[in-house]
Every structure is written in structure tokens, then in C-alpha cells.
Amino acid sequence: MVDALAVSTVNDEIREAAARIRQLYADKGIYLKAREDLPRVIAEAQEFEARLGQLGKRLGIDTNDKSLADQQPTDASLALLRALTMEGRELSRSLTTLEKQLIEETQYLNELERNQRLGSSIDTKFFTERLVAIQPTLVEIDKIDLLTVKLARTTADLSEATARLVPSVDDLDAVLAAPLPDLNALTELRKLEDEAATGVRDATSRLNSVRSERQNIIREIDGLEGAENLVTRSDILNSRSSRQILWDKYRDAPTAGAGFAVQAAMNESDRLADLAFAGAERVARHSQLKAQLAEKTHLVDDAVQAEAIAQEAHRQTQSKLAQLFLDVPVSPTTTGQMIEWRRSMTELERQRHTLLELQDDVTKLRLAEQRILPALASICDEAGFEGAGNLPAVALGRALDRHLSKLAELWQQGRTSEIRRSAAIDKINDLDEQKRRARLSIEQWQSTLSDAAALLKVPFNATIEMIEAALEVWREVPEIVAQRNNRQRRVDGMKRDIAAFEATAAKLVRSTAPDLAGLSVDAAADILQERAQDAEASYRHRRATEEQLTQAKARYERCFAALQDAKEHLQDISSGLPDAENPIELRLRLKRRNEALERLSSSRRRFAENAEGQSEDAVRASLTDFDRTKAGLEIERLQKADANHFEEYGELSARLAENARQRRELETGKTAEHAVFERLSAEEEAKELARQWVVLKLAARVLGSSIEAFRETQTDPVMNRASLAFSMLTGGGFSRLVQEYGENDVLHLMAERPTGERVPVKGGLSEGTGDQLYLALRLAFLEDYCLKNEPIPLIADDIFQTFDDDRTAAGLKALASTSKTFQTILFTHQRSVVEIARRELGEGLDLIAM
């Protein structure tokens with residue numbers, strides 16, 4: 001360490017001038033930039049000088065730029081000249097306008113004088129008033145043609161309608177003059193006739209039916225009677241009666257012949273009885289048919305009588321119909337046709353009345369036309385209208401109205417022309433006076449302008465354009481002079497800064513490094529910076545070595561004193577030992593004992609840390625089967641791992657030392673100040689970006705909350721109603737519908753759950769929930785429409801096919817909730833829907849079973 005301190009050298013002159021060298025090195029960039037920009041700034045200054053020379057030539061001043069700047073007029077003079085040029089242009093424009101107006105007015109007056117002779121000297125007011133008085137009559141007369149056409153059409157319609165009557169009418173006037181039957185009486189008669197006809201049809205049908213049944217019975221009886229061995233009850237009764245008579249005769253007078261006759265009658269009765277017994281069924285049917293034949297015969301008689309009564313009633317209705325039209329010259333047919341005939345007569349009567357009114361109107365208008373023709377002819381003669389001829393009254397009135405309008409227009413033109421001519425003369429005189437005053441103002445302005453023009457160094461008789469051009473040039477002079485002076489000041493300052501930097505660098509080189517006198521100042525500054533960094537590093541190294549040497553000397557002195565104390569202490573404690581005991585060996589044994597105790601204590605501490613509260617005796621008891629060989633192998637493995645860790649620690653320590661060395665080099669290198677500056681700039685920039693990010697994030701969140709709140713306040717009422725309906729339909733599974741902006745600011749419809757989770761409507765809902773959403777939207781739109789317009793009913797047909805029972809119950813409640821706004825009609829063929837409706841709606845359900 002002493003040797004290293006002896007060979008360590010420090011350039012004190014460089015170290016003492018380190019601050020000035022660093023400042024010189026920091027100013028080197030400004031120096032190089034100034035040397036680089038100086039030619040450009042000099043060129044700019046020369047360019048502005050050239051522009052000033054050009055402006056002087058444009059002004060006609062052959063002098064340098066200083067004289068040009070010195071000769072610049074004052075702002076007041078320039079303002080005066082600008083005002084005079086504007087005034088001159090305004091005066092010139094006013095004079096031109098006045099001259100143009102004077103020419104136009106003169107031409108207008110000449111045209112009025114040429115057209116004055118075209119006017120009329122007749123005032124048509126008197127004729128117009130007379131024509132207006134008869135104008136309403138002309139308007140009415142103008143309707144004659146239309147009324148004539150309507151009269152012809154009505155006459156034709158009446159004739160055609162009369163020809164279509166059934167029964168026909170030969171004289172319509174005679175029929176209308178007769179007392180026609182009332183339509184109500186005919187209607188009542190029609191009812192009686194229909195009833196009578198129905199009675200006739202029913203009686204005839206009944207008669208035919210009974211006769212057909214009677215004929216069928218007769219045919220069946222004939223069939224039974226025509227069969228063999230048919231014994232009727234009457235046959236048996238007749239046989240028994242004959243037998244009884246013969247028996248009575250035989251009893252009174254028994255004879256052989258009478259006996260044989262009785263025997264034969266008895267045999268015949270028995271035979272008939274046997275035959276009747278054998279054909280009992282046919283006999284019974286024959287008896288039944290006989291009884292039915294008697295009944296049908298009676299019914300036929302009744303039906304014949306009923307038919308006669310019905311036909312008589314029908315004949316009476318026909319008689320009543322003829323009685324109703326007894327005084328009408330027409331032959332009535334059926335009641336139905338006569339009802340239609342009577343209705344047609346009512347319409348014909350109305351048409352005939354209209355026809356008569358049209359005839360009266362035409363006659364009245366033709367009389368009025370004859371009355372006003374003389375009045376129109378008189379107006380034509382007095383107004384000088386010669387085109388009357390044989391025109392009808394309406395056409396003559398229109399022609400006369402056009403003639404009077406033309407005369408009135410000519411009269412008005414004459415009066416207007418005179419008024420305009422007088423106004424034109426006055427206008428011309430006024431324009432002449434204004435023109436004279438304008439010329440006088442121009443002469444005064446010209447005199448003032450000539451006096452002020454000398455300020456701009458322009459000729460005495462300079463025009464407005466010349467003065468404006470000079471003003472434009474003088475307007476540019478101050479800016480160019482200011483730019484020229486600015487560039488000149490910059491050149492002077494840059495030369496001054498370059499000279500100062502070079503002088504400072506030369507002074508430092510002479511005082512600290514004369515060997516660098518032949519180099520350029522920027523190269524010398526770089527080398528001085530490197531030497532200053534090396535001197536500073538050598539100085540810090542020397543100081544560190546000196547401090548280490550001082551500390552080593554202090555440790556040596558402490559160790560020497562401790563050695564002396566140890567020798568004295570050893571002598572004291574070894575004085576009591578036996579003579580044969582070697583103090584050195586004893587010290588070694590004690591040292592080993594202390595080390596063993598220390599290891600024991602350390603082991604017990606590690607045992608306490610790792611035993612997790614177990615006692616040493618318990619652990620010893622648990623180690624009865626402990627395998628020392630395996631433990632030794634595990635210890636060797638752990639020692640190897642510890643050695644590896646130690647090697648890794650060494651490598652990391654070496655890398656840490658290397659990183660520390662590189663850091664020191666970077667801190668003391670050429671760009672240390674630049675790196676520090678960049679680090680600080682990066683930190684500040686990072687802080688500013690972090691602050692901006694936080695501000696923007698908070699602003700985005702506040703803005704998003706504000707937009708969401710505003711959107712909720714401006715929500716469409718239809719969407720609010722749809723949200724309520726959707727929540728009701730889903731049984732509270734979704735709380736509302738919201739609109740949310742997605743990517744590219746596209747608005748999407750979302751369904752929000754009570755937890756706040758939002759599900760996209762498109763692709764996020766099940767089929768049943770999607771149908772519920774569709775129903776909610778339809779109900780909301782319909783309710784909004786009915787609130788603004790006349791309510792219309794909602795008719796739905798089996799809309800709950802995809803709904804389960806819970807969704808169906810919710811859907812029925814939602815439909816029922818709209819009953820105050822519009823009527824809902826639901827068709828369904830599902831009994832379960834009806835039962836759910838009864839259960840959920842109760843008395844509010846109006847059920848119609850089909």
C-alpha cells in the first residue's frame with residue numbers, strides 16, 4: 001500500500017482547473033453551432049441589405065440603406081396619405097356613379113317623352129261602375145248553357161227510366177197525377193201475399209204427401225188381399241154368423257138337409273179359423289193397414305180443405321193489390337214487382353221535379369238576358385266599343401270588360417307617365433348639383449394630395465396608383481430594416497462568443513497543457529476534459545489509498561497492544577498449572593473445547609429453530625432408528641450444494657464488482673454529464689407522461705359517467721317501456737335494456753341483469769329469452785303509438801309456443817298490463833295456456849271458448 005501510494009501521481013494543475021475545463025467542454029457545442037451558423041446568418045443579413053437596395057430603387061432614391069431608413073416618412077404621414085388615397089378613390093367612384101345615374105335618368109326621361117302620346121284621355125270609371133252593377137246578372141246568365149245540357153240529360157234519363165218500368169207506363173204525368181198507393185201498404189201486402197203463398201205451398205205439399213201415403217197403403221192392402229188363403233176377421237165373423245143362422249134353423253127344425261148345412265158351415269168356420277191362425281201376421285197387417293187407410297183418407301180431406309183455404313187467402317191478397325191500383329192507369333202484376341215499380345215512381349217523380357226546376361231556371365235566365373242586352377249596348381256606344389255585333393249577352397259583357405280594362409290601363413299609363421316625367425326632371429337637376437359638388441371636392445382633394453405627396457418623394461402630379469405603390473414599398477421598409485439589424489446583431493454576437501471561447505480555451509491550454517497549443521480549440525477542449533477526468537480519478541484513488549493506509553496503521557497498533565495484553569494474561573493463568581503441563585497444548589485443547597461448546601450451542605439454536613416446538617429428548621427418542629450412513633451421504637450432498645452456492649456467490653460477487661467498475665467508468669467518462677442529464681430528463685418525462693395518463697384516465701372515467709348519466713336522462717320512452725316489459729316477461733331475470741357504444745362508436749342493444757352484468761342481445765340470449773325481448777319491443781312500440789294516435793287492438797295467435805309455463809305466465813301478465821292503453825286479443829288452442837291465464841289473471845280474464 002505504501003508502494004502504491006509512492007507511485008501514485010496527480011496533475012494538480014489540471015485538477016484545480018477541472019471546473020473551468022468542464023465549463024469549456026460544455027460550451028463547446030455552442031461554439032461549434034455558432035461556427036456552423038455564422039455563414040448562414042451573414043448571408044441572411046446580406047440578403048436583407050440587397051432587398052433594402054431594391055426598395056430604394058423602387059422608390060427612386062439613389063442612396064444607401066441607412067439614408068433610406070432615415071428618410072422613411074412618419075407613421076402619421078403614411079396614415080394621412082392612405083386616408084387621402086382612400087378618399088380620392090371614393091370621390092372618383094362617387095363621381096362615376098353620379099355620371100352614370102345622370103345618363104340613365106336622361107335616357108329614361110327621353111323614353112317617357114316618346115311614350116307619353118300613347119296614353120288615353122278617357123276615364124272609364126263611370127262605365128266600369130255600370131258594368132259592375134250588371135255583372136252578377138251576367139254571371140247567372142253564363143249558366144244557361146250548363147243548365148241546358150243538364151236539362152237535356154235529365155229529360156233523356158227520365159225517358160229511359162220510364163221505359164224500363166214493369167209494368168209499363170204510357171202517360172207518366174197521368175200516373176203521377178193519380179193517387180199512388182203507399183209503399184208501406186204495399187210492403188204489408190207483400191208480407192200477407194208471401195204468407196198466403198207459403199200457406200198454399202205448404203197445404204199443397206201436405207196434400208200431395210198424404211195422398212202419396214194413402215196410395216201406398218192401398219197398394220199394400222191390394223197386395224195382401226190378392227195373395228192366396230188370406231182370411232180376414234170380417235170373413236171369420238161372416239162365416240160364424242152364417243153358421244149361427246143355420247144352427248138356429250136346425251135347432252128349430254132339425255132336418256137332415258139342415259144338419260148337413262150346419263155341419264158344412266161349421267167345417268167352413270173351422271177352415272177359416274185354421275187359415276186365419278196360419279196367416280195371423282198377414283191378417284194383423286191387413287187390419288192395421290185398413291185402420292191407417294181410414295186415417296189417411298180423413299187427412300186427405302183435411303189437406304184438401306186447408307189447400308182451398310190457403311188459395312182463397314192468396315186470391316184475397318191479389319184482390320187487395322188490384323184494389324190499391326184501382327185509380328192508377330197501370331195493370332198491376334205481382335206485389336214484389338209493384339213495390340219496385342212504386343219505388344221507381346218515387347225516383348221518377350223526383351227526376352220530373354228536377355226537370356221542371358231546370359226548365360224554370362232556363363226560362364228565367366233567358367228573360368234576364370233579354371233585359372240586360374240594351375244596357376250593354378248603351379255602354380258599348382258610349383265607351384266607343386265597335387265590336388259588339390250580334391254577340392250574346394255574356395260574350396258581349398266579357399268583351400266590353402276587356403275593352404274598359406284596356407282603356408283604364410291606357411288612362412293610368414298616361415297619368416303615371418306624367419308623374420314619372422316630373423320626377424325624372426327633378427332627379428336630373430339633383431344629380432347635376434351633386435356632380436358639381438363632387439368635382440369641387442375632387443379639386444380640393446387634389447390640392448391636399450399634392451402637398452402631402454412630397455413626403456413620399458413622388459412627383460407633384462402623382463396619381464393615386466403611384467402613391468399607393470410608394471406606400472406599399474414604405475410599408476415593407478421597417479420590417480426589412482428590423483430583420484437586417486437582427487441578423488447583424490446575431491453576427492456580431494456569434495463572432496464575440498466564438499472569440500471569447502477561443503480566448504478561454506487558449507488561456508486554459510497555456511496554463512494547464514502547453515503541449516496542446518498546436519491543436520484546434522474543440523480538440524484541445526476534448527483532451528483537457530479527458531485529462532481532467534483522469535486527474536480527478538487519480539486524486540480520488542490517492543485519497544482512498546491514504547485513508548486505507550491510516551486505517552491499517554491504526555489496526556496494527558491495536559493488534560500489537562492486544563498481543564502484549566495476551567502474553568501478560570497467559571503468563572498469569574499459566575503460573576498455577578503443573579510444571580509438566582504444556583501451556584500451548586492446554587490452550588489448543590481449551591480452544592477445541594470452546595469450539596465444541598460453541599458448535600453445541602449453535603446446533604441447539606438451529607435445533608430450536610427447526611424443531612417446531614419439540615424437545616431435545618423427544619427428538620432423540622425418535623432418532624433411535626437413525627441411519628448415520630444415509631445422513632452422512634445427505635450431508636455430503638448438501639455440502640456440495642453449499643459449495644456450488646458459494647461458487648455462484650463468488651461469481652455474482654465478481655459480476656457485482658464488474659458492474660460497480662463499469663458504473664464508476666460511466667460516472668467519470670466523457671458522457672457522464674450527458675447520461676445524467678438524459679436520465680433526469682427521462683425521469684421528468686416519465687413523471688409528466690404518468691401525470692397525463694392519470695389525468696386522461698380520470699377525465700375519461702368522469703366523461704364516461706357523465707355520458708352515461710346524460711344518456712339515461714335522454715332515454716327514449718319506448719326503450720323505458722320495453723325495459724319494464726322485458727323485466728316483467730323474464731320474471732326479473734333481466735332488470736332493463738340499455739344502449740351501449742361499442743367499437744367504431746356503433747350503438748348496440750344490451751340486456752342488463754340485476755347484478756349489473758350486460759349481455760349482448762345479438763348472440764347472447766337464448767331462443768326463449770329472444771322471443772320475450774321481441775314481444776317486449778312490440779308491446780312498447782304499440783303502446784307508444786296508441787298514446788299518440790287512436791288506440792288499435794293487438795291480435796296475437798299462439799305466441800307462447802316457445803315459452804315454458806313460467807314464461808307463459810309472465811307473458812300473460814305483460815299483455816294484461818297493457819289493457820289500459822289498448823285491447824289485446826289472444827287466440828290459442830292450448831288448454832294449458834287457458835289454465836295459466838285463469839290462475840294468473842283471475843277475474844281480469846275475458847275468456848271466449850269456440
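## Salt bridges, cores and helix packing

Glu757 is a partly exposed residue, its relative accessible area being 44%. Like everything described here, that value comes from a predicted model. Glu757 is a convenient place to begin, since it forms a salt bridge with Arg753 in which the closest N and O atoms are 3.6 Å apart. The partner, Arg753, is likewise partly exposed, at 30% relative accessibility.

A step back gives the wider setting. The chain has 850 residues, and buried ones make up 26% of them. Its secondary structure comprises 26 helices and five strands. Among contacts with a sequence separation of 6 or more, 73% join residues that are 24 or more positions apart.

The salt bridges can be taken up again from here. Side chains of opposite charge can pair when their charged atoms come close. In this chain the count of salt bridges reaches 22. One of them joins Glu752 to Arg758, with 2.9 Å between the closest N and O atoms. Are the two partners buried, partly exposed or exposed? Glu752 has a relative accessibility of 12% and is therefore buried, the cut-off being under 20%. Arg758, on the other hand, is partly exposed at 25%.

Another pair sits within a single helix. Glu340 and Arg343 form a salt bridge with an N to O distance of 3.1 Å. Both residues belong to helix α14, where three residues, or about one turn of the helix, separate them. Glu340 is partly exposed at 45% relative accessibility, and Arg343 is also partly exposed, with a value of 43%. Salt bridges can also join up into a network, as they do for Lys33, Asp37, Arg40, Glu44 and Arg487.

Attention now turns to the nonpolar residues. In soluble globular proteins, nonpolar side chains tend to be buried together. Here the largest nonpolar core holds 41 residues, and the members that touch the most others are Phe325, Val328, Trp341, Met345, Leu348, Leu376 and Leu400. Several helices take part: α7 (135–141), α8 (144–163), α9 (172–177), α10 (183–225), α14 (335–383) and α15 (393–453) each supply at least two residues. The helix giving the most is α14, with 14 residues. Helix α14 thus appears twice in this account, because the pair Glu340 and Arg343 lies in it as well.

What does Leu400 touch, leaving aside residues up to four places away in sequence? The list consists of Leu131, Leu376, Ile379, Cys380 and Phe385. Apart from this core there is another one, with 29 residues, including Leu729, Phe803, Ala814 and Phe822.

Two members of that other core, Leu729 and Phe803, reappear beside a polar residue. Gln772 touches Phe726, Leu729, Thr730, Phe803 and Arg807, again not counting residues up to four places away in sequence. Gln772 is part of helix α24, which spans residues 767–788. With a relative accessible area of 1%, Gln772 is under the 20% cut-off and so counts as buried.

Helix α24 also packs against a partner. Two packed helices are described by the angle between their axes and the distance between the axes. For α24 and helix α25 (residues 805–817), the axes come within 11 Å of each other and cross at roughly 5°. An angle under 35 degrees counts as roughly parallel, so α24 is roughly parallel to α25. On the α24 side the contact involves Gly768, Thr769, Gln772 and Leu779, and on the α25 side Arg807, Ala814 and Leu815. Sorted by type, these residues are three nonpolar, three polar and one charged.

Two details of the backbone complete the picture. Most peptide bonds are trans. The bond from Val166 to Pro167 is cis, with omega near 0°. Pro167 is found in the loop between α8 and α9, two helices that each supply residues to the 41-residue core. Elsewhere, Arg251 lies in helix α11 (residues 233–252) and is exposed, with a relative accessible area of 53%. Its C-alpha atom is 10.0 Å from that of Val262, eleven residues away along the chain.

Notes. Residues are numbered from 1 along each chain as its sequence is written. This is a predicted model: local features need pLDDT of at least 70, side-chain atom pairs count only at pLDDT 80 or more; totals for chains, interfaces and linings use all residues. Side-chain values use heavy atoms; hydrogens and water are left out. A nonpolar core is a set of buried Ala, Val, Leu, Ile, Met, Phe, Trp, Tyr and Cys residues joined through side-chain atoms within 4.5 Å. Buried means under 20% relative accessible area, exposed over 50%, partly exposed in between (1.4 Å probe, protein chains only). Helices (H or I, at least four residues) and strands (E, at least two) are DSSP runs, numbered from the N terminus. Contact means heavy atoms within 4.5 Å. A salt bridge is a side-chain nitrogen of Lys or Arg within 4 Å of a carboxyl oxygen of Asp or Glu. Axes are lines fitted to C-alpha atoms, for helices over the stretch in contact, and angles run from 0 to 180 degrees between N-to-C directions. Angles under 35 degrees count as roughly parallel, over 145 as roughly antiparallel, 65 to 115 as roughly perpendicular and the rest as oblique. Ala, Val, Leu, Ile, Met, Phe, Trp, Tyr, Cys and Pro count as nonpolar, Asp, Glu, Lys and Arg as charged, and the others, Gly among them, as polar.
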